[in-house]
Amino acid sequence: MDLSGNNLDNTLFFEADVQDTIILYGLDSRFKFSIDGCDGECIISLGYQSYNNDKAALEANIKKIKFDQKNITDRKKKEVSLSILRGTSYDRLDRYKNIFERKG
């Protein structure tokens, strides 16, 4: 199933009587970025590679990245990509920490 758009929680697939039965193993999200003078848009894929394993870690990968500027070096593109992935890692770790603090 490929779901896309805004307000997905208000769609048929997410009505209150079925919300507890839907398991999401991954999703692709489109983001705009502006890092170190480089602007553009990327698609980040978030998901669990081993979706049948309840101990699988959430992974983030850049599926596609497009820069607005044409004269960016390959090295700079890699630096920006790493910066984006680093940001997703920090955010994921903070969220995990908050979940476990609430449970503790």
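**Entry 1: cysteines**

I began with disulfides in this predicted model, and my count came to zero. The rule I used asks for a pair of cysteine sulfur atoms within 2.5 Å. I then checked how two of the cysteines sit. Cys-38 has a relative accessible area of 4%, so I put it down as buried. Cys-42 comes out at 3%, and therefore goes down as buried too.

**Entry 2: the sheet**

Next I turned to the strands. How are the strands of the open sheet ordered? I found three strands in the order 1-2-3, with antiparallel pairing. Strand 1 (26-35) and strand 3 (59-67) are the edge strands, each pairing on one side only. On average, neighbouring strands of this sheet are turned by 25° against each other, direction ignored. As a reminder to myself, strands of a sheet pair through backbone hydrogen bonds, either parallel or antiparallel.

I looked at one pairing in more detail. Strand 1 and strand 2 (residues 38-47) run antiparallel and are joined by ten bridges. For Gly-26, I traced the bridge partner in strand 2 to Gly-47.

**Entry 3: Ser-81**

Last, I looked up a serine. Ser-81 lies in helix 1, which covers residues 74-103. Is Ser-81 buried or exposed? Its relative accessibility is 18%, and buried means under 20%, so Ser-81 counts as buried. Which residues does Ser-81 touch, once those up to four places away in sequence are left out? I noted Ile-62 and Ile-65. I went back to my strand notes for those two numbers, since strand 3 is listed there as 59-67.

Key. Residues numbered from 1 in each chain as written. Predicted model: local features only at pLDDT ≥ 70, side-chain atom pairs only at ≥ 80, totals over all residues. Heavy atoms only, no water. Buried < 20%, exposed > 50% of the residue type's maximum accessible area, 1.4 Å probe, protein only. Helix = DSSP H or I, 4+ residues; strand = E, 2+ residues; numbered from the N terminus. Contact = heavy atoms within 4.5 Å. Pairing = 2+ DSSP bridges. Axes fitted to C-alpha atoms, helices over the stretch in contact; angles between N-to-C directions.
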